[in-house]
Amino acid sequence: MRIAVVGSGTMGHGIAEVAAMAGMEVKLIDISWDILNRAKERMYDSLKRLHERGTIRETPDTVMSRIEISVSYDVAKDVDFAIEAVPEILELKRKVFQELDRVVPKESILATNTSSIPISDIGEITSRKEKVIGMHFFNPPPLMKLVEVIPSKYTSEDVTRYTVELAKKMGKTPVRLRVEVPGFVSNRIFLRLLQEACREVESGEATIEEVDSSARNKLKLPMGIFELADYVGLDVAVDLWKVIVERGASDVKCSSYKERVDRKELGVKTGKGFYTYPAPGKYSKVSLPPESKVPPERIISLAVNEGAWLIENNIVNAEEIDTVMRLGFNFPKGLLEMADELGLDKILNALREIHSRGYEAYSPNPLLVKMVSQGQTGKSSGRGFYTYGKT
Ligand code: 3HC
């Protein structure tokens, strides 16, 4: 199988690496040889680590031999599938898709790894909108098991099924959305975590380190929320925030991310964001205080509210949301499973309390209100987002 990946940045090079590890022949396209050579080094470095750990049997050289780098789209003339992973600028994506539409065989599928731009908007500029689909990977792609598959309103069922199977062939677990929503499942929930983290700090309730300590030490997340924002890239976080809110999600006033982006402090990629890293592009775990006064149910309250919204609107079910958070963000357990354990009544109280202070986005979702009013307060009551047997 032959696959083209356009864009060799943080996500693109990782996706190319994943496809090559799965035995596919990969054409990696970008605008300069410098960028491509850097991507090659990063793929090699990652493959070396995976090989040393025994995750892959093949040597890095063997896997790399399946990847061809190019500054021309011509190498994509006989691919079966193409994935775009360029920056989140609609005009740029449109240009890439016009090129791919011109070069890639007419029967092949064109996928986008966009984190938030509607797939329908991208598909519309091609002559094959029923063959354009969202295939959303997570950073770092070689380690994160999730792929969200997002059919647009035009995508055919065959194309969606093919993409789900392709994700499996790449060793990933696909979660397929029933209907496309801005930010999909992952980034709608991620946005809510970013918003609450920001509100905590900008309202003076907690420090950045306290929020992150609670996320890591109480919720047992692999990274704090600000640490994760740094890891993903603060420019990416600001972009996805803007795109999702512009398309109807409620906003929370916040300047912490944007002001750092304005200072060109983009997180791990520039070596500085909320925290300082050993070198640009080099992540190392940040050190955090062991104790924090931030209640864990407050940190996830807005995200859980969003989960209820996704269920209420029949986009995905509770298990699918939890798969997204476990496999896309390496949560030790699902977000809604955590909510059930902490108590949905507590989550609802946190939302109500913040909402009463004038934060409109915290208006509790009717599904959550109904669950709590019916006594479905989570694990302790035997029913919440899940049903629990007596122990
Ligand atoms: N390739 C291969 N190996 C890698 C790697 C890569 N790209 N990155 C890290 N590793 C390896 C390290 O070498 C290390 O291996 P070792 O155990 O053999 O020494 C191991 O992974 C652990 O790495 P670290 O010691 O550096 O740090 P952590 O223990 O914190 O793990 C992490 C790093 C796996 C990234 C973990 O912190 C994590 O899961 N964080 C959450 C990541 C996340 O949420 N990603 C999703 C972001 S959202 C997104 O991408 C969507 C977009 O649209 C915004």
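Here is a short chat about aromatic rings in a predicted model.

Author: Quick ground rules: residues count from 1 along each chain as its sequence is written. In this predicted model, local features need pLDDT of at least 70 and side-chain atom pairs count only at pLDDT 80 or more, while totals for chains, interfaces and linings use all residues, and side-chain values use heavy atoms, without hydrogens and water.

Reader: How many aromatic pairs does a search of the whole structure find?
Author: It finds 11. Rings of Phe, Tyr and Trp (its six-membered ring) pair if their centres lie within 6.5 Å; planes under 30 degrees apart count as stacked, over 60 as edge-to-face and the rest as tilted.

Reader: Why is the pair of Phe 226 and Phe 274 called tilted?
Author: The centres are 4.6 Å apart and the planes make 55°, so the pair falls between the stacked and edge-to-face cut-offs.

Reader: What makes Phe 226 count as buried?
Author: Its relative accessibility is 1%, and buried means under 20% relative accessible area (exposed is over 50%, partly exposed in between; 1.4 Å probe, protein chains only). Phe 274, at 11%, counts as buried too.

Reader: Why is the pair of Phe 329 and Phe 331 edge-to-face?
Author: Because their planes stand at 65°, with centres 6.4 Å apart. Both residues are buried, and they form one aromatic cluster with Phe 138 and Phe 190.

Reader: How do you know that Lys 129 lies over the face of Tyr 154?
Author: A charge sits over a ring if NZ of Lys or CZ of Arg is within 6 Å of the ring centre and within 35 degrees of the ring normal. Lys 129 lies over that face at 4.5 Å from the ring centre.
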